[in-house]
Amino acid sequence: MPSYVLYALSAYLLLALHGVADKFMLTNTAKHPVVYTFYAGTSSIFVFILAPFGLKMLPFNDFLLALLSGAGFLYATYFLYKAIQLSSVSRILPIEGGLVPLFTYIFAYIFLDERLTLNQSIAFLLLTSGAVIMSLRSEGGEWKFKALRDATIAAVLFAGSLVLIKHVYDVGGLVSGLVWSRLGLFGAAMLYLAVPSYRKLIFNAPKTTNAKNASLFYGTRAVGAAAGLLQNYAISIGSVVIVNALQGFQFIFVLFLTSVLSQYYPRILHERINLQTVMVKISAIVLITTGLALLGL
C-alpha cells in the first residue's frame with residue numbers, strides 16, 4: 001500500500017476527533033463560526049516555526065496561489081462550521097467526504113492534469129460513494145437546505161484550496177507550501193476585523209470563555225494541526241484526488257465516536273441508532289474498505 005495512504009488514514013483519525021470536538025466548541029463556547037474560524041486562523045501563524053526546515057521564496061504567481069489556498073481553506077472552514085451548527089457532525093462530514101473528492105477530481109483534472117489509473121478510478125468511486133451513503137439517514141426530519149448549501153460551498157472551497165496547495169508543493173516543497181498558505185489563512189482571518197459586528201463578537205469571546213473551554217479550544221487546535229500536517233504531507237507525496245477520497249474513513253471514525261458520545265451528550269450530538277441506520281452504515285463501510293483494498297493492490 002502506498003505510504004501516502006497510511007499518512008492520510010492517520011490524518012483522518014485525528015480529524016474525526018477534531019470534528020467531534022468542533023461540534024462541542026460551536027455549541028458551548030465559540031457559538032458563532034466567525035469567532036471560531038478567526039481564532040483558528042490567527043493561531044495558524046505559529047506554523048512559521050517550520051521556517052528553518054526548508055522555507056524558501058516562491059515565484060510571485062505561486063506565492064499568490066499559496067496565499068489564495070490558505071484564504072480559501074479558512075472560508076471553507078467557516079461554511080463547514082455553519083453547516084455543522086445546523087445539522088449533525090456525522091451527517092455534514094460525510095457530505096463533505098463525497099463532494100470534496102468530486103470537486104477535487106474535477107479541478108485536478110483541469111488544472112493539474114492529474115489522471116487516475118483504472119484501479120484508482122474504481123477505488124475513487126467506491127470511497128466517495130461510501131462517504132455519501134454515510135449521510136443517508138433520517139435525523140429529526142428533512143434535510144435543512146441551508147446546511148446542504150453551506151456544506152456544498154465549503155466543499156468547493158476546500159477542493160480549490162487543496163488543488164492549489166498541491167501545485168505549490170510541487171513547486172516549492174512541503175514547508176514552503178505550508179508556511180505561505182498559512183500566511184494567507186492568517187490574513188483572511190484578520191479581514192474579519194474589518195466588519196464591526198464580527199469584530200465585536202471576536203473581542204467579546206475571550207470575556208465569556210472559562211479556562212476549561214480555552215483548554216478544549218487549544219487542545220482541539222493541536223489535534224487539528226497534527227492532522228493537517230499529516231494530510232498535507234500525504235498530498236505532497238501522493239495523489240490529491242485519492243487522499244481526499246480516503247476521507248470516507250474519517251466518517252467511520254466519526255460514526256463510532258458520535259454513537260458512543262451521543263449517549264452522554266444527546267443535546268449536542270443528536271445521534272439516533274436503529275437497525276436501518278446500522279445497515280446503511282455497514283453498506284457504506286463495505287464500499288469504503290473495498291476501495292482501500294483496491295488501492296493496496
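Guide: A term to start with: buried means under 20% relative accessible area, exposed over 50%, and partly exposed in between (1.4 Å probe, protein chains only). You're looking at a predicted model, where local features need pLDDT of at least 70, side-chain atom pairs count only at pLDDT 80 or more, and totals for chains, interfaces and linings use all residues. Residues are numbered from 1 along each chain as its sequence is written, and side-chain values use heavy atoms, with hydrogens and water left out.

Visitor: How many helices are there in the protein chain?

Guide: Helices (H or I, at least four residues) and strands (E, at least two) are DSSP runs, numbered from the N terminus. Walk along the sequence and you'll read α-α-α-α-α-α-α-α-α-α-α-α-α. So, by that definition of a helix and a strand, we can count. The chain has zero strands, and its number of helices is 13.

Visitor: What percentage of the 297 residues in the protein chain is buried?

Guide: Let's begin outside: the chain exposes about 13,400 Å², and carbon and sulfur atoms supply 70% of that. Such accessible areas come from the Shrake-Rupley method with a 1.4 Å probe, and for residues only the protein chains shown count as cover. As for the 297 residues, the buried part is 52%.

Visitor: Which residues in α2 are buried?

Guide: Helix α2 takes in residues 33-43, and it's mostly covered, with nine of its 11 residues buried. Here's the roll call of those buried in α2: Pro 33, Val 34, Val 35, Tyr 36, Thr 37, Phe 38, Ala 40, Gly 41 and Thr 42.

Visitor: Which helix gives the most to the largest nonpolar core?

Guide: A nonpolar core is a set of buried Ala, Val, Leu, Ile, Met, Phe, Trp, Tyr and Cys residues joined through side-chain atoms within 4.5 Å. The largest one has 64 residues, and Leu 246 and Phe 249 touch the most other members. The top giver, with 11 residues (from 145-172), is helix α6.

Visitor: And apart from that core, how many residues lie in another one?

Guide: First, a peek at Leu 246: beyond its neighbours within four places in sequence, it's in contact (heavy atoms within 4.5 Å) with Val 5, Ala 8, Leu 9, Tyr 12, Leu 127, Leu 292 and Leu 295. The other core lies apart from the largest one and includes Ala 189, Tyr 192, Leu 193 and Ile 202; its residue count is 11.

Visitor: How far apart in space are Arg 199 and Phe 38, C-alpha to C-alpha?

Guide: Arg 199 sits in helix α8 (residues 196-204). Its relative accessible area is 31%, so it's partly exposed. In sequence, Arg 199 and Phe 38 are 161 residues apart, but in space, C-alpha to C-alpha, the distance is 9.9 Å.

Visitor: Which residue's backbone oxygen does the side chain of Asn 244 reach?

Guide: You'll find Asn 244 in helix α10 (residues 240-245). With a relative accessible area of 1%, Asn 244 is buried. Setting aside neighbours within four places in sequence, its contacts are Tyr 12, Val 100, Pro 101, Thr 104, Leu 162 and Gln 231. The backbone oxygen that its side chain reaches, at 2.9 Å, belongs to Val 240.

Visitor: Which residue meets Asp 150 in a salt bridge at 4.0 Å, N to O?

Guide: A salt bridge is a side-chain nitrogen of Lys or Arg within 4 Å of a carboxyl oxygen of Asp or Glu, and by this rule there are four. Asp 150 is in helix α6 and its partner in helix α3 (residues 60-86), so the pair ties together parts 68 residues apart in sequence. Asp 150 counts as buried because its relative accessibility is 1%. The partner, at 4.0 Å, is Lys 82.

Visitor: Is Asp 170 buried or exposed?

Guide: Asp 170 and Lys 166 meet in a salt bridge (3.7 Å, N to O). Both lie in helix α6, four residues apart, about one turn of the helix. At 8% relative accessibility, Lys 166 counts as buried. Asp 170 has a relative accessible area of 54%, so the word for it is exposed.

Visitor: How far apart are the closest N and O atoms of Asp 113 and Arg 115?

Guide: Asp 113 has 53% relative accessibility, so it counts as exposed. Arg 115, at 44%, is partly exposed. They form a salt bridge, and the closest N and O atoms are separated by 2.9 Å.

Technical notes: A polar contact is a pair of N or O atoms within 3.5 Å; within protein, one must be able to donate a hydrogen and the other to accept it, and residues adjacent in sequence count only if both atoms are side-chain atoms.
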